[in-house]
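The following exercises concern strand pairing and salt bridges. Please study the sequence and the structure before reading each solution.

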Amino acid sequence: MSEPGPAPTPPVDPSAGAATPSQPQTPAAAARQATFAALVRQPGLISFALVQAVVLGGALLSALLLMAATSEAREDLNLPASLSALLVLMGAALGGQLSITATFFIQVSATVTVLPLGTLLAIGCGVYLVARRRAPVDGSSLHRAATLQRCAVEALATGLLLGLLTGLPRAGGDSGDGLSVSSSPLLTVVLVSVVVMTALSAARLDHAAVIGLPIGLRQAGREVWALLVSLGTVTGAVTLVAGTAWALAEGVPQALALLIVYLPNLVVVLLSLATLGGLVARGEVAGLGVAANSSEDSLVTVGDLPVGAVLLLVVTVLLATVVAAARVGVLRARSRGAVLARTWPLAVAALALSVPLLYVLVPARMSGGGEMVSASAMPSGWSFITVSLLACVVSVLAEYLPAWLYANANQLLRVMVGTRAVTEWVSGRSSLGGSMGVAQGTGQAGQAEGSHTWSYGTDPATGAATATDLSTGALFVEDASTGQWVLQGHPASGSPVSASAEVADPVSSDPVSSDLAAPGQQAPAPTASQQAQALPEPQPMSPQARRRMRLVLGTAGLLLVLVVVGMACVNFLNGRRGPDQEVEAYLDLLSQGRAEAATQMVDPGVPNSQRALLNDEALAAATSRVEVVTVSEPQVEEDTAKVSTTLSLDGEHFDFTFTVARGDRQYGLLDTWEVTTPLVVPVTFSSADGLDAISVAGTDLALEASEEEYSSTSTTLQYVYAGTYDVGVPQSLASYLTAETSSLIALPASAAADMLMEVTSEPTQELEDLVLEEVKAQTESCASVPGNTDAVCPSEVQDTDLASLKVTQDASGLDEVTASSFTSEQIIISVTQNPSQWNKDPKPRSVRFTFSGSIEWPEGGGEPEVTVDSSSPSWG
C-alpha cells in the first residue's frame with residue numbers, strides 16, 4: 001500500500017448543525033460585464049478570429065473535396081469551377097443542403113440534403129482545441145453563466161457570418177438554360193451555431209460546472225463518449241483505408257473525396273448493417289390532385305454486400321466492440337466481480353442517442369418538382385434497436401474484459417486504453433461513483449482498514465451507497481451530488497466514540513493510511529481508492545486454465561482462419577460467378593457451336609415445333625458464328641443485372657444487352673446467376689415455288705401450305721441462334737433444284753420483328769431435261785392417232801378427218817420452268833385435211849402452240865412427276 005496521504009477534512013454531521021461558510025462570489029452582472037469586456041480586448045478578438053479561421057478552413061477544405069468529387073456532374077450541368085461555386089459548396093459542406101434550379105420548357109427544381117458529419121466533427125474538434133488553449137488568456141471562463149452567454153454570442157456570430165458568406169451566392173451554368181445552384185443559409189447558421197456553441201462550452205466551462213452534475217449522469221456521459229470514440233475510431237480507420245484502396249483500384253479517386261467528407265455518415269450506416277440493421281431507399285411521387293403513390297422500398301442488408309466486404313465489416317466491428325468494452329470498463333470502479341446493475345445506463349443512453357443520430361443526422365434526402373417527387377435513404381426502422389443491442393453487449397463486456405486483459409494481456413489492455421487509464425482503474429481513481437459500484441459488488445463482505453471494519457451496501461429506500469463502521473456502528477451514506485460520505489447514523493449508546501466526534505472526509509484521491517485514527521477523531525469512511533486497493537489485483541490464470549484457454553483460443557483461431565480462408569475462397573469463386581461471367585459462358589457455348597448446351601443454359605421458351613434449328617448440327621454447320629468482342633461490367637439492380645456486350649458476326653460488329661437474374665445461392669454461399677435473354681432470332685421461311693420443304697444448315701424444314709385460297713406460298717416459323725447459315729433445297733431435291741437465296745444472316749438486331757426469309761429455287765438442267773422429255777413425248781402423242789384427241793393437244797390436231805399429221809418443229813427447250821410449273825418453247829405440227837367436196841386438194845397447215853404443265857414432288861424426295869396440263873396457241 002502506498003504512503004499515507006494528507007489528513008482529510010471531516011464530513012459534515014447533519015445532527016451537529018454545522019454549516020460551511022460560503023465563499024464570496026462575484027455578482028452575475030459584474031462577471032458578465034467582465035467576460036464580455038474581455039471579448040473585445042485583443043486576446044478575446046484573437047480567440048474569436050481563430051474560431052472563424054477554423055470554421056472557414058474546414059468549410060474550404062470540404063468544399064474543395066466536394067468540387068473534386070462532383071467534377072463530372074458539374075461538366076454535365078455546364079457548371080464552371082468559379083468562386084461562387086466554391087462558396088456554394090462551402091455552404092453545402094456546413095449546412096448539408098444544395099438546391100438546383102433549371103429552366104427548360106418549364107422550371108425544374110431539386111433539393112438534396114445530406115449532413116456532412118465529417119466536416120462538422122472536424123470543425124467542432126478544431127474549435128474545441130483552440131478554445132481550450134486560449135481559455136486561460138482570453139478571459140472567457142470568469143463565470144459560468146457569463147461564459148455560456150459569451151459562447152452563445154460567438155457561436156451565433158460565427159453562424160451568421162458563414163450563413164451570409166455561403167448562403168447568398170448562387171452558382172450559374174454557362175449553357176444559358178437558367179441553371180442556378182445554391183446552399184441553405186438557414187441550415188448553415190443553425191448547424192454552425194450549434195457545433196461552435198457545443199465546442200466552446202465544452203472547452204471553457206470549468207471543472208466545477210461538471211462536478212455539479214449528478215454522478216450517474218456524468219458517468220453515463222463518460223461511457224457514451226468512450227463508446228462513440230472507440231467505435232468511430234476503429235470502424236472509421238478501417239473504412240477509410242478500405243475505401244481508399246477501393247477508390248484507387250476502381251479508378252474513381254473522386255469517391256475518396258466524398259468518403260472523407262461523409263466518413264462518419266458511412267460509419268454509422270456500416271454499424272447499422274453490421275448489427276443486422278438495414279438501409280432503406282424509398283421514393284415517392286405525388287400526382288396532381290391525387291394521393292401520394294409510394295414506390296416499393298428498396299432494403300439493403302449486410303447479406304447484399306460482397307462476401308469480402310461482409311467479412312471485413314464483421315471483423316472490424318468485433319475489434320471495435322472489444323476496444324469499446326475495454327475503454328468503458330476502465331471508467332468503472334474495479335470490483336470483485338461483475339456488477340450487471342451498472343450496465344443499463346450506457347444501454348439507455350445509447351438508445352436515446354441512436355434515434356436522432358440514425359434518423360435525423362445520417363439520412364440523405366432529395367425532393368423536387370415542388371415536393372411532388374421525393375426520395376430518401378436512411379437506416380431501417382429497427383436499426384436503432386440493433387445498434388442499442390451492440391451498446392448493451394459493450395456494456396456487459398466492460399464488466400469482465402478489463403480484469404481479464406489486465407491479468408492475461410496487460411500490454412494489450414494498455415495499448416487499447418492507455419497506461420494512465422489502466423493505472424487509475426487499478427488504484428480506484430477512474431470512476432466517479434466507484435464506491436457505489438464496489439459496494440454493490442462486495443455486498444456485506446467486511447473489509448478491514450486499520451482498526452476499523454467496514455460493511456458496504458445500498459440504501460433500499462434511496463439506492464445510495466452505504467458504509468457501516470462495524471467497530472462503532474457509524475453509518476455513512478454517499479451524497480450522489482458531491483461524491484462525499486455523510487454521517488447519517490450515530491453509534492449506539494455506550495459506544496466508545498462520542499456522537500460529537502469528528503469524522504474524516506473519505507474523498508481524497510490518495511490512499512488513506514491504515515494506521516489508527518488520531519485520538520478524538522473517528523476513523524474515516526472508505527474511499528474509492530481504499531476500496532480498489534483493498535481488492536486483490538486480478539491474478540493471471542493457473543497453468544491448467546491457461547492451457548485450456550490456449551486450447552480454446554487456438555481452436556477458435558484455427559476456426560477463424562478456416563472461416564477467413566473459406567470466405568476468401570467463396571469471394572474468389574463468387575468473383576468468377578458474376579452476371580458477366582455467366583454471359584461469357586453462354587457466348588462461349590454459342591461460339592463453339594454447342595447449341596443444345598446453350599439451350600439448356602438459357603431456354604428460349606418457344607414451342608418444340610419451332611426448335612428445329614436449335615441443335616448442335618445446325619449451329620455447327622453455320623458458316624459463321626458469333627464472337628465476343630467486349631463484355632461490359634454488369635449494371636446490377638437488386639436481383640437483376642444488365643450486361644452489355646459487343647459481338648461480331650462475320651466481321652460485322654453489333655451490340656446486344658443480356659438480362660441476368662440472381663438465382664438461389666448454391667450451398668447458401670455461392671452466388672448463382674441465370675441469363676434470361678437468349679441470343680435467338682425468329683425467322684419465317686417461305687417459298688412460293690410449291691416446295692413443301694427447304695434445307696437450312698443441312699436441316700430439312702417442312703413448309704406448311706398457306707390457308708389462303710389463291711396463295712401458293714408455303715411457310716414455317718423457326719428460331720435460330722445468331723449466325724450465318726446456308727439455305728437450300730432438301731438433299732433429295734438437289735438433283736433437280738437449286739436455291740437462289742443461298743445464305744441467311746441472322747442478327748439479333750432484326751429480332752424486333754420476325755425475319756422473313758423467302759426461298760426461291762431454280763431448276764437444274766436435269767429437271768429441264770426431264771420436263772423437256774415429257775413435253776416431247778406429249779408432242780409425239782399429239783402428232784399421232786389416237787393421241788391427237790387428248791384434251792391437252794391443240795384443237796386443230798384433235799380432228800379425226802386428217803390426211804396427215806406430223807411434227808415439223810419439236811420443242812427445243814423450255815420457255816419457263818420453276819419448281820412447280822413449266823412452259824415449253826414453240827412447237828409446230830403440220831396438219832393436212834382429207835380432200836372434201838369443197839376442198840379437193842387441201843394444203844398442209846402448221847399448228848403453232850406451246851405446252852404448259854405442272855411439276856409435283858413426291859414426299860421423301862425422288863423424281864418429280866411432270867404433267868402436261870394444256871396447250872396454248874403460239875405466234876411468231
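**Exercise 1.** Which residue in β27 stands opposite alanine 705?

*Solution.* The model is a predicted one, in which local features need pLDDT of at least 70, side-chain atom pairs count only at pLDDT 80 or more, and totals for chains, interfaces and linings use all residues. Residues are numbered from 1 along each chain as its sequence is written, and side-chain values use heavy atoms, with hydrogens and water left out.

Step 1. Locate the strands, which are DSSP runs of E with at least two residues, numbered from the N terminus. Strand β27 covers residues 714-721, and β26 covers 704-705.

Step 2. Establish the pairing; two strands pair if DSSP finds at least two bridges between them. Two bridges join β26 to β27, and these strands run antiparallel.

Step 3. Read off the partner: serine 714 in β27 stands opposite alanine 705.

**Exercise 2.** Determine the strand order of the open sheet, and state why one side of β26 and of β31 is left without a neighbour.

*Solution.* Step 1. Recall that strands of a sheet pair through backbone hydrogen bonds, either parallel or antiparallel.

Step 2. The open sheet consists of four strands in the order β26-β27-β23-β31, with mixed pairing.

Step 3. Because β26 and β31 (755-758) are at the edges and each has a single partner strand, one side of each lacks a neighbour in the sheet.

**Exercise 3.** How many salt bridges are counted, and which parts does the pair of arginine 332 and glutamate 223 tie together?

*Solution.* Step 1. Apply the rule: a side-chain nitrogen of Lys or Arg lies within 4 Å of a carboxyl oxygen of Asp or Glu. The count is eight.

Step 2. Arginine 332 and glutamate 223 form one salt bridge, at 2.9 Å from N to O. Arginine 332 is in the loop between α12 (307-329) and α13 (344-361), and glutamate 223 is in helix α9 (residues 215-250), so the pair connects parts 109 residues apart in sequence. (Helices are DSSP runs of H or I with at least four residues.)

Step 3. Classify the accessibility: buried means under 20% relative accessible area, exposed over 50%, and partly exposed in between, using a 1.4 Å probe and protein chains only. Arginine 332 is buried at 3%, and glutamate 223 is also buried at 3%.

**Exercise 4.** Is aspartate 603, the partner of arginine 611 in a salt bridge, buried or partly exposed?

*Solution.* Step 1. The side chains of arginine 611 and aspartate 603 meet at 2.8 Å, N to O.

Step 2. Aspartate 603 has a relative accessible area of 47% and is therefore partly exposed.
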